[in-house]
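Hi everyone, thanks for making time. Today I'd like to walk you through charged pairs first, and then the nonpolar interior. Let me put the structure up.

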Amino acid sequence: MEIVLSGIRPTGNLHLGNYYGAITSFLKLQEEYKSYFFIADWHSLTTHPTPENIQNSVRTILSEYLACGVDPEKATLYVQSHVPEVLELYLYLNMNAYLGELERVTSFKEKARKQPDNVNAGLLTYPTLMAADILIHRANKVPVGKDQEQNMEMARKFGRRFNTMYHTDLFPEPASFSLAKEGGIKIPGLDGSGKMGKSEGNCIYLYDEPSVIRKKVMKAVTDAGPQTPNSQRPEIIENLFTLMRVVSKPETYAYFDEKWNDCTLRYGDLKKQLAEDIVLATDPIRERIKQFYADTEYLDKVAKMGAEKARESASATLKEVRRIIGFKVY
C-alpha cells in the first residue's frame, strides 16, 4: 500500500483554510492510504517558542485534528518530537547537504529577510528536517501546496543522493500531489487577497467563538459595490462569495449572486449572512475541540499510540540506514 505523509507546524489554531483545504483531504486519504499525519513541533524551534507555547500548541493541534475527524485508528497521528529516529536521519542527511544549495532555498531567504536577528542553523536546514520526516517512513506521496514544492524537490534530491552514494534503492522518490485533487479547496482570506493563512493575519480559526467570527467577517475588505448588471466580481468580493459557496446553502449563494447581478447587493447583508453560516458550519467542530482539549488522558493515549506506530516504521528505516552506512544496528 502506498504511504502518505503530511505535517503541520503547531504555531496556532487551525483555520478554515486548513480545514477545507488539508483536513478534508486527510479524511479521504486515511481511508485509501497508509497515512501518517504529524505535528511538527521540532520545526517550530526556528522561531524560539517557549516551552509553554510548544506544549499548549501541540495539545491544541492534536485536539483540532481529532475534532475535524482524523481517526487515530485509521491513520498514524503523532507528534514529531516523539519519534527520535527522525533526528538521527536528519543528521545523516545534513552530512551530505551542501551550504550553497540550502542557502538558495526560497523559503530560507524569505525567513532570513523577515527575521534577520534569528537566522539560525535550524532555519537553514529546514528542508533537511522536512526530508527526514518524509524519508523516515519512505513515503510515496506528500500532499503539499505550491509554497512547499521547492522543499519537496530537496527531499527528493537528498533521497536520490543517499541512494547514489551508497548504491541502494532504499528511499523512493516522494511525489507531491495536490490537495485539490483529493477534495481540498483553496479558501481565501478576509483581507481581499491570496489564501487564508496565519502569517497573513486574515484567518477565521475553527476555535473562534461566534462573536469573534462575526466581528472578523464584518471587517472583511469590500469595495463600492456593483455598478453595472452582471459584471465580473473583483477578487476582494469574489473571495466572500467563495467562502459563501463553501459554508452556505446553495439557495443562499444564489440569492446573493442574483443581488450582485442586478446591482442591489448590500455588503452588510452579505457579511451578516456569511458570518452566521460560518458560525453554523464551525459550531460542531468548535464544541468537539473543547471536549478533546479538556480530556488530557485521551490526548495522551492518542499521542502514545501514534508514537508507537510511527516509531515502528521509523525504526525499520533507520536500521537499514545504519546498516547501509556502516554503523552498528541496534
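Let's begin with the charges: the count comes to 19 salt bridges. Please keep in mind that this is a predicted model. As a quick reminder, side chains of opposite charge can pair when their charged atoms come close. I've picked three pairs to show you.

First up is Glu149, which pairs with Arg156, and the closest N and O atoms there are 2.5 Å apart. How exposed or buried are these two partners? Glu149 has a relative accessible area of 31%, so it is partly exposed. Arg156 counts as buried, because its relative accessibility is 11% and the cut-off for buried is under 20%.

Next, have a look at Glu153 and Arg160. Their side chains form a salt bridge as well, at 3.2 Å from N to O. Glu153 is partly exposed, with 33% relative accessible area, and Arg160 is partly exposed too, at 32%.

My third pair is Lys290 with Glu209, a salt bridge of 3.1 Å, N to O. Which parts of the chain does this pair link? Lys290 sits in helix α12, residues 267-294, while Glu209 lies in the loop between β5 (175-177) and α9 (210-218). The two are 81 residues apart, so this salt bridge links distant parts of the chain. As for accessibility, Lys290 is partly exposed at 30%, and Glu209 is partly exposed at 31%.

Now, back to the first two pairs for a moment. Which residues do shared salt-bridge partners join into one network? They are Glu149, Glu153, Arg156, Arg160 and Glu173. Both of my first two examples, Glu149 with Arg156 and Glu153 with Arg160, therefore have their residues in that network.

Let's move on to the nonpolar interior. The largest nonpolar core has 56 residues, and the members that touch the most others are Leu16 and Tyr65. Helix α12 gives the most to this core, eight residues. You'll remember α12 as the helix that holds Lys290.

What does Leu16 contact, once we leave aside neighbours within four places in sequence? Its partners are Gly21, Ile187, Met196, Ile204, Leu206, Leu243, Ile278 and Thr282.

Finally, there is another core apart from that one, made of 43 residues. Its members include Trp42, Ala112, Tyr126 and Ile136.

That's my tour. Thanks for listening, and I'm happy to turn the view around for anyone who wants another look.

Terms used. Residues numbered from 1 in each chain as written. Predicted model: local features only at pLDDT ≥ 70, side-chain atom pairs only at ≥ 80, totals over all residues. Heavy atoms only, no water. Salt bridge = Lys/Arg side-chain N within 4 Å of Asp/Glu carboxyl O. Buried < 20%, exposed > 50% of the residue type's maximum accessible area, 1.4 Å probe, protein only. Helix = DSSP H or I, 4+ residues; strand = E, 2+ residues; numbered from the N terminus. Core = buried A, V, L, I, M, F, W, Y, C linked by side-chain atoms within 4.5 Å. Contact = heavy atoms within 4.5 Å.
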